[in-house]
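Student: I am new to this structure and would like to go through it with you step by step. Could we begin once it is in front of us?

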Amino acid sequence: MSDRRRPAGGRPEPAPGPGTPARRHPRPSREQLAAAADRLLPDVIAPGLDVLFVGINPGLWSAATGWHFARPGNRFWPALHRGGFTPRQLHPSEQDTLPALGLGITNMVARASARADELTAEELVDGARALTAKVERYRPRWVAVVGVTAYRIGFVRPKAGFGPQPEPLGPARLWVLPNPSGLNAHFTPETLGAAFGELRAAVAGG
């Protein structure tokens, strides 16, 4: 499968030249990032997935490229591999290969912003309702919310912690993972990978 993609609203990326790593992609310009504010990023989703990962909302880098968790320094893709979900570390441009592995990605809030803390509590609550409807439609086995603060606010669970949650989300079992943003200094790449690995073990166990 080719790694060349057409970023949202942009032109196809040039093929790598001599000596250029195959997975090297142009950085969005400052103007492209500014133009990505409030842009919507399509889900990577299919019916009957093993795990639907739920980000808080797309960052500007993701909105500019069309790839979830695309900003350099975001540790979602390394954690996904360390946790045993993918056979190797995928580049964000390979996100469309996830459904074949039983995985998908959506967001609590659809609109892009520079930082997740720009979202209002009302947006997160509305996003939780929309997520519930989406889960009812696509019926994944597990839903993994990537960010405990967003989960607490959106689902009005102020004391929720990481790991499996006592209540389901529609037909799916529910898990809360740490936010893989590089700004989350409470978790290292190793501890993030271990947290994803705990979910992977639960999924494999049924």
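Student: Which helix lies across E1, E3 and E5?

Tutor: In this predicted model, we can look for a helix that lies across these three strands, E1, E3 and E5. The helix in question runs at about 165° to E5. It covers residues 189-204 and is helix H6.

Student: In what order do the 5 strands of the open sheet stand?

Tutor: Working outward from E1, we find that E1 pairs with E2 (residues 103-107) in the parallel sense over 5 bridges, while 4 bridges join E1 to E3 (residues 142-146), again running parallel. E3 is in turn joined by 5 bridges to E5 (residues 173-177), and these two run parallel. The pairing in the sheet is mixed, and the order is E2-E1-E3-E5-E4.

Student: Which strands stand at the edges, each with a single partner strand?

Tutor: Each edge strand has a single partner strand, so one side of each is left without a neighbour in the sheet. The strands at the edges are E2 and E4 (163-164).

Student: How many residues of E1 are buried?

Tutor: In a regular strand the side chains alternate between the two faces of the sheet. On one side of E1, Val51, Phe53 and Gly55 are buried, and on the other side Leu52 and Val54 are buried, which leaves both faces covered. For strand E1 (residues 51-55), the number of buried residues is therefore 5 of 5.

Student: In E3, what is the bridge partner of Phe53?

Tutor: Phe53 is one of the buried residues of E1, and E1 is joined to E3 by 4 bridges. The bridge partner of Phe53 in E3 is Ala144.

Notes. Residues are numbered from 1 along each chain as its sequence is written. This is a predicted model: local features need pLDDT of at least 70, side-chain atom pairs count only at pLDDT 80 or more; totals for chains, interfaces and linings use all residues. Side-chain values use heavy atoms; hydrogens and water are left out. Buried means under 20% relative accessible area, exposed over 50%, partly exposed in between (1.4 Å probe, protein chains only). Two strands pair if DSSP finds at least two bridges between them. Contact means heavy atoms within 4.5 Å. Axes are lines fitted to C-alpha atoms, for helices over the stretch in contact, and angles run from 0 to 180 degrees between N-to-C directions.
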